[in-house]
Amino acid sequence: MHETLEDYEEDAGRMLDELYAIGAQSDGGTYRSLYDPSWVGARELIKGWMVERGLQVRVDPVGNIIGRLQGTTDAPIVATGSHMDTVRNGGRLDGAYGVVGSILAVGSLRRKLGKPARTLEVIVLCEEEGSRFTNHYWGSRSIVGQTTQLEAEESLDKAGVSLAGAMQELGLDPRNISSATRNDIGYFVELHVEQGGILEDEGLDLALVTAITGITRWDVTVTGEANHAGTTPMNLRRDALAGVAQMIADVENAAINAGPPAVATVGRLSVTPDQINVVPGQVRFTVELRTPDRNQQLATQSVIEQSLAATAAKRDLEIELKLQHDHEPVLMHAEVMNAIKTTLDSGGVPYRLLSSGAGHDTQIFSQIAKVGMIFTSSKAGISHSPLEDTDPRALGEGVAVLAGTLLKLAYRS
Ligand SMILES: [Zn+2]
């Protein structure tokens, strides 16, 4: 795989720079949000890259860009890709790397080997981040048939524009959303940056992803009694916030005791009445638990629920724990993992197995296809930031592994 490594490195770097420049923000980073002018600019650039490499290009009813290399059989197709949108002040690599890497990999396979047995498609997903509308995975969910015209009509951005209205402005008809659904995709492989610091910490460039994290979220309300902060002695208080302080430690301990890869976070907190001289009477907060291991997820869920209830009881506080969602981990498919692993093993670049702590379009595709992911290291583990960066050599290596994987899946029927 080393013969084209430098080409991949050079081409990926140049293309990522071009894409990053579209939607550049004056206060740093880039912002390409669904259906906005920078998104349209990126779409045109990406279509051009696909055409240059001899792919048949079309845009599906929701704006996913598809570059197709027709195969010689009717077998379910092999797809690869990632998302073209970014968060606000986003970086150069999240999503963009998989977009560029997929185009380079499929382009190079076509040039060297011609027609595959299974049709190969680069699918550039129109939306993953949910940063304009809150409709995460809009692109991939449309492909698996999980979106509707009603969802598009009901979703509004901050300016009050509906997702359906934004589609119409670009000439996309919301009545056709359901025809984005596909039933011909056999495989989906996504190349992505790690967005965490484990690979760099271990001096590795690449990882074979084993699973995408499960996520459990709760909304918690703790109620005590608001009272005068000067006249209420400590032993007569029912201070909701003091209780929640201990609950935050309970949540942290639950993840620490479960051990890696479990992580748990209290990320949002609101205090009532939120006054400097009043004992807090009520606190609402969120708890999020993530782990790619379903057994660990279930066990840690009950530890969190029981320890919060125990802390509330000890302090004479009322607690209401509302489970907001409980998403199971998504396991990568053995056949795809094996194709990636064989490619990695023959390439001689050291790697490790890793689960993803972030969500990806791949988890949506797992509902209709055999899926797999390749991670490339992130400098300092930083993502969703203008500081997002990866060693150019690692970027090239990731593309080479993707190409080798697609070769195994698509050229040998
Ligand atoms: Zn991403």
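The following legends describe close-up views of a predicted model.

**View 1. Zinc site formed by His83, Asp94 and His192.** The zinc ion is coordinated through NE2 of His83, OD of Asp94 and NE2 of His192, with distances of 2.0 to 2.2 Å. Along the sequence, these donor residues follow the spacing H-x10-D-x97-H. The two histidines bring distant parts of the chain together: His83 belongs to strand 3 (residues 77-83) and His192 to strand 5 (residues 185-193), 109 residues apart. Both His83 and His192 are buried.

**View 2. Surroundings of His360 in the loop between strand 15 and helix 11.** The loop that holds His360 runs between strand 15 (351-356) and helix 11 (361-365). His360 counts as buried because its relative accessibility is 2%, under the 20% limit for that class. Apart from neighbours within four places in sequence, His360 is in contact with Glu128, Tyr137, Glu190, His192, Gln195, Ile212, Met373 and Phe375. Among these contacts is His192, which also supplies an NE2 donor to the zinc ion. Another of the contacts is Gln195, shown in View 3.

**View 3. Positive phi angles at Gln195 and Asn89.** Gln195 is not a glycine, yet its phi is positive, at about 65°. This residue is found in the loop between strand 5 and helix 7 (198-201). With a relative accessible area of 19%, Gln195 is buried; the limit for this class is 20%. Asn89, likewise not a glycine, has a positive phi of about 50°. Its position is in the loop between strand 3 and helix 3 (96-113).

**View 4. Packing of helix 1 against helix 2.** The axes of helix 1 (residues 5-21) and helix 2 (residues 37-52) come within 9 Å and cross at roughly 155°. This angle makes helix 1 roughly antiparallel to helix 2, since angles over 145 degrees fall in that class. The crossing of helix 1 with helix 2 is right-handed. Helix 1 contributes Met15, Glu18 and Leu19 to the contact, and helix 2 contributes Ala42, Leu45, Ile46 and Trp49. By class, the contact of helix 1 with helix 2 comprises six nonpolar residues, no polar residues and one charged residue.

**View 5. Packing of helix 1 against helix 3.** Here the axes come within 10 Å and cross at roughly 135°. Helix 1 and helix 3 are therefore oblique to each other. Their crossing is right-handed. On helix 1 the contact is made by Tyr8, Asp11, Ala12, Met15, Leu16 and Leu19, and on helix 3 by Ala96, Tyr97, Val100, Ile103, Leu104 and Ser108. The residues of this contact divide into 10 nonpolar, one polar and one charged. Met15 and Leu19 of helix 1 take part in this contact and in the contact with helix 2.

**View 6. Packing of helix 2 against helix 3.** The axes of helix 2 and helix 3 are 9 Å apart, and the helices pack at an angle of about 15°. Helix 2 is thus roughly parallel to helix 3, because angles under 35 degrees count as such. Helix 2 passes helix 3 in a right-handed crossing. The contact involves Ile46, Trp49 and Met50 of helix 2 together with Val99, Val100 and Ile103 of helix 3. These residues divide into six nonpolar, no polar and no charged. Ile46 and Trp49 of helix 2 appear in this contact and in the contact with helix 1. Val100 and Ile103 of helix 3 belong to this contact and to the contact with helix 1.

**View 7. Cis peptide bonds preceding Pro261 and Pro273.** Pro260 and Pro261 are joined by a cis peptide bond with omega of about 5°. Pro261 lies in the loop between helix 8 and strand 9 (263-265). A cis peptide bond also leads from Thr272 to Pro273, with omega near 5°. Pro273 is found in the loop between strand 10 (269-272) and strand 11 (278-279).

**View 8. Thr231 in the loop between strand 8 and helix 8.** Thr231 is found in the loop between strand 8 (227-228) and helix 8 (240-258). Its relative accessibility of 59% places Thr231 in the exposed class. The C-alpha atoms of Thr231 and Val278 are separated by 10.0 Å, and the two residues are 47 residues apart along the chain.

Note on methods: Residues are numbered from 1 along each chain as its sequence is written. This is a predicted model: local features need pLDDT of at least 70, side-chain atom pairs count only at pLDDT 80 or more; totals for chains, interfaces and linings use all residues. Side-chain values use heavy atoms; hydrogens and water are left out. Axes are lines fitted to C-alpha atoms, for helices over the stretch in contact, and angles run from 0 to 180 degrees between N-to-C directions. Helices (H or I, at least four residues) and strands (E, at least two) are DSSP runs, numbered from the N terminus. Angles under 35 degrees count as roughly parallel, over 145 as roughly antiparallel, 65 to 115 as roughly perpendicular and the rest as oblique. A crossing is left-handed if the near helix is turned anticlockwise from the far one by less than a right angle, and right-handed if clockwise. Contact means heavy atoms within 4.5 Å. Ala, Val, Leu, Ile, Met, Phe, Trp, Tyr, Cys and Pro count as nonpolar, Asp, Glu, Lys and Arg as charged, and the others, Gly among them, as polar. Donors are N, O and S atoms within 2.8 Å of the metal (3.2 Å for Na, K and Ca); water is not among the atoms, so sites may look incomplete. Buried means under 20% relative accessible area, exposed over 50%, partly exposed in between (1.4 Å probe, protein chains only).
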